[in-house]
Amino acid sequence: MTTRLADIAAQAGVSEATVSRVLNGKPGVAATTRQSVLAALDVLGYERPVRLRQRSEGLVGLITPELENPIFPALAQVIGQALTRQGYTPVLATQTPGGSTEDELTEMLVDRGVAGIIYVSGLHADTTADMQRYERLRAQGVPFVLVDGFSPKVQAPFISPDDRAAMALAVTHLASLGHTRIGLALGPKRFVPVQRKIEGFVRTVQEQFGLSAGTIETELIQHSLYTLEGGQAAANALMDRDCTAVVCASDMMALGAIRAARQRGLDVPKDISVVGFDDSPLIAFTDPPLTTVRKPVPAMGQAAVRTLLEEIGGTPAPHSEFVFMPELVVRGSTASAPGDRNRS
């Protein structure tokens, strides 16, 4: 027991006496200190005493399109932790090809009496989808928040990264390295984040190089799938059009672009530069470490939970879009353009 107290105290950065007070439910411990001790218990794998286990305020559904792209588990973890801290139990529901649809998952969660639902990259991001499903959910009295995607037809809070600004960051970085032939690899055009990335990309390329929007859309933009194979196919098409740099709409696509370059015997970044989007977990440790535009996942996840809990509590946030600024993270997959090696 003494060893366990010492371990927990070291992990939480408090004294053993403080740990003992928390474990025994004694008063006189600040809420933040108590939370640190409980977090230390969890991190070290110790079971919480029965009296310290949180009673759930209720279930909150989290619907994601898939979990293969590491950005979705990362966002789910932030949202899940934020919900748990507020006494709610997160229920993760994931769509799979040929499996349950978003509507079926929603029905399942509503039947189980969830207090609210957070949708990540759902049908609300698809401009061809019927948005009446969300109005029907609202009519049932179920609060919900929509992450990554926007529709003016839905009266709900939206949480989004600034996709236009993300493309401006990536293109400006590559232009500063001397690249003048920059391609964009991204998913199907019907999705709102894709359309916004195109807008930001076209505008920045026009500002940097004076190309027409038509030329940019036909020569420098390639639609594909948000997978490694999709990135590989798109990058091959863009390299065939003499692009010396490729901006990808996800880190998974960027890894595919790097594979495409290597299959051609090209070196990244000496022969071609690649930029990702998301800054997914472990992406800093790829070969080469990936330059990417970091999606503000912690801020977005916490905002989604805070906004949903305001809806549940009867003091709803404005039914508008909360937009979060991304950040360029420069690593080893970008360098000066070929033939432009004298630049710093």
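# Exercises on a three-domain chain

Domain 2 (58–161 + 296–324) and domain 3 (163–295) both give residues to the lining of the largest pocket, so this pocket lies between them. The model is predicted. Work through the exercises with the structure open.

## Exercise 1: The whole chain

Task: Find how the chain is divided into domains, and how many helices and strands the chain has.

Solution.
- Step 1. Start with the domains. The assignment gives domain 1 (5–52), domain 2 (58–161 + 296–324) and domain 3 (163–295).
- Step 2. Count the elements. The chain has 12 helices and 12 strands.
- Step 3. Take the dimensions. The C-alpha trace spans about 70 × 50 × 35 Å along its principal axes.
- Step 4. Check burial. The chain has 344 residues, and 47% of them count as buried.
- Step 5. Look at contacts between residues at least 6 apart in sequence. Of these, 69% join residues at least 24 apart.

## Exercise 2: Two domains in contact

Task: State how far apart the C-alpha centres of domain 2 and domain 3 lie.

Solution.
- Step 1. The two C-alpha centres are 28 Å apart.
- Step 2. Now count the residues in the contact. Domain 2 brings 18 residues and domain 3 brings 14 residues.

## Exercise 3: The largest pocket

Task: Describe the lining of the largest pocket by residue, element and class.

Solution.
- Step 1. Begin with volume. The largest pocket holds about 1,000 Å³ of space.
- Step 2. Count the lining. It has 35 residues, and Pro-65, Glu-66, Phe-72, Ser-121 and Tyr-226 lie nearest the centre of the pocket.
- Step 3. Trace the elements. Helix H4 (71–85), helix H8 (192–209) and strand S9 (273–278) each give at least two lining residues. H8 gives the largest share, 3 residues.
- Step 4. Sort by class. The lining has 17 nonpolar, 8 polar and 10 charged residues.
- Step 5. Pick out Ser-121. This residue sits in the loop between strand S3 (116–120) and helix H6 (132–139). The phi of Ser-121 is near 50°, a positive value in a residue other than glycine.
- Step 6. Classify Ser-121. Its relative accessible area is 24%, so Ser-121 is partly exposed.

## Exercise 4: The nonpolar cores

Task: Find which residues of the largest nonpolar core touch the most other members.

Solution.
- Step 1. Recall a general tendency. In soluble globular proteins, nonpolar side chains tend to be buried together.
- Step 2. Name the best-connected members. The largest core has 41 residues, and Leu-184, Phe-201, Ile-221, Cys-248 and Val-274 touch the most other members.
- Step 3. List some contributing elements. Among those that supply at least two residues of this core are helix H7 (163–176), strand S6 (182–186), helix H10 (228–240) and helix H11 (251–263). H11 supplies the largest share, 6 residues.
- Step 4. Find the other core. Apart from the largest core lies another of 24 residues, including Leu-62, Phe-72, Ile-79 and Phe-324.
- Step 5. Return to Cys-248. Leave aside its neighbours within four places in sequence. Cys-248 then contacts Ala-185, Met-253, Ala-254, Ala-257, Val-274, Val-275, Gly-276 and Phe-277.

## Exercise 5: Buried or exposed?

Task: Decide whether Gly-28, Ser-151 and Leu-282 are buried or exposed.

Solution.
- Step 1. Set the cut-offs. Buried means under 20% relative accessible area, and exposed means over 50%.
- Step 2. Take Gly-28, in the loop between helix H2 (16–23) and helix H3 (31–44). Its relative accessibility is 77%, so Gly-28 is exposed. The C-alpha atoms of Gly-28 and Thr-18 are 9.3 Å apart, with these positions 10 residues apart along the chain count.
- Step 3. Take Ser-151, in the loop between strand S4 (144–147) and strand S5 (158–161). Its relative accessible area is 6%, so Ser-151 is buried. Not counting residues up to four places away in sequence, Ser-151 touches His-124, Met-131 and Phe-158.
- Step 4. Take Leu-282, in the loop between S9 and strand S10 (291–294). Its relative accessible area is 66%, so Leu-282 is exposed. Leu-282 has a positive phi of about 75°, although it is not a glycine.

## Exercise 6: Cis peptide bonds

Task: Locate the cis peptide bonds at Pro-269 and Pro-288, and give omega for each.

Solution.
- Step 1. Go to Pro-269, in the loop between H11 and S9. A cis bond joins Val-268 and Pro-269, with omega about 15°.
- Step 2. Go to Pro-288, in the loop between S9 and S10. The bond from Asp-287 to Pro-288 is cis, with omega near -5°.

Key
Residues are numbered from 1 along each chain as its sequence is written. This is a predicted model: local features need pLDDT of at least 70, side-chain atom pairs count only at pLDDT 80 or more; totals for chains, interfaces and linings use all residues. Side-chain values use heavy atoms; hydrogens and water are left out. On a 1 Å grid over the protein atoms alone, a cavity is a set of points where a 1.4 Å probe fits but cannot get out, and a pocket is an open set with protein on both sides within 12 Å along at least five of seven lines; lining residues have an atom within 4 Å of a point. Grid points are joined across faces, edges and corners, and a volume is the space filled by probe spheres set on the points. Helices (H or I, at least four residues) and strands (E, at least two) are DSSP runs, numbered from the N terminus. Ala, Val, Leu, Ile, Met, Phe, Trp, Tyr, Cys and Pro count as nonpolar, Asp, Glu, Lys and Arg as charged, and the others, Gly among them, as polar. Domain bounds come from an automatic or database domain assignment. A nonpolar core is a set of buried Ala, Val, Leu, Ile, Met, Phe, Trp, Tyr and Cys residues joined through side-chain atoms within 4.5 Å. Buried means under 20% relative accessible area, exposed over 50%, partly exposed in between (1.4 Å probe, protein chains only). Contact means heavy atoms within 4.5 Å.
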